[in-house]
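Here are some short exercises, each with a worked solution. Have your viewer ready and try each task before reading on.

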Amino acid sequence: MDKNEIFESVIREMTEAAIEKRKETLDDSELQLYAEVTALSSQAHEIVKSLSEDQQNILSDYFEKTNLIADHECQHLYVQGAKDCIGLLKKLGAL
């Protein structure tokens, strides 16, 4: 495993840990939103079943790639947040 792979693995683990910790402190509106998404997911799966196999594959590919892009953006924002924090601490003279 090279340095970049290790770096990406560490970022992924830290991001997942932060998300799990955040889920422990969700307020009622956020919990409701998660419940709604769960219900919509079940409904979406039923709708997809009624489509042709080609249409199912298109939607599946779309959702997988959309989620992959969101994951990459999340990783980028995590790293950028760390860089921004360091920059701010330097400007404040704390580092």
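The exercises below deal with surface patches and with one threonine.

Before we start: this is a predicted model, in which local features need pLDDT of at least 70, side-chain atom pairs count only at pLDDT 80 or more, and totals for chains, interfaces and linings use all residues. Residues are numbered from 1 along each chain as its sequence is written, and side-chain values use heavy atoms, with hydrogens and water left out.

**Exercise 1.** Find the helix that holds Glu-20, and classify the exposure of Glu-20.

Solution.
- Step 1: Glu-20 belongs to helix α1, residues 3–23 (helices are DSSP runs of H or I, at least four residues, numbered from the N terminus).
- Step 2: Glu-20 is partly exposed because its relative accessibility is 46% (buried is under 20%, exposed over 50%, partly exposed in between, with a 1.4 Å probe and protein chains only).

**Exercise 2.** Locate Tyr-78 and classify its exposure.

Solution.
- Step 1: Helix α3, residues 53–91, contains Tyr-78.
- Step 2: Its relative accessible area is 31%, so Tyr-78 counts as partly exposed.

**Exercise 3.** Describe the setting of Thr-38.

Solution.
- Step 1: Thr-38 sits in helix α2, residues 28–49.
- Step 2: Thr-38 is exposed because its relative accessibility is 52%.
- Step 3: A polar atom of the Thr-38 side chain lies 3.0 Å from the backbone oxygen of Tyr-34.
- Step 4: From C-alpha to C-alpha, Thr-38 and Gly-87 are 39 Å apart in space, and they are 49 residues apart in sequence.

Notes. Helix = DSSP H or I, 4+ residues; strand = E, 2+ residues; numbered from the N terminus. Polar contact = N/O pair within 3.5 Å; in protein donor to acceptor, adjacent residues only side chain to side chain.
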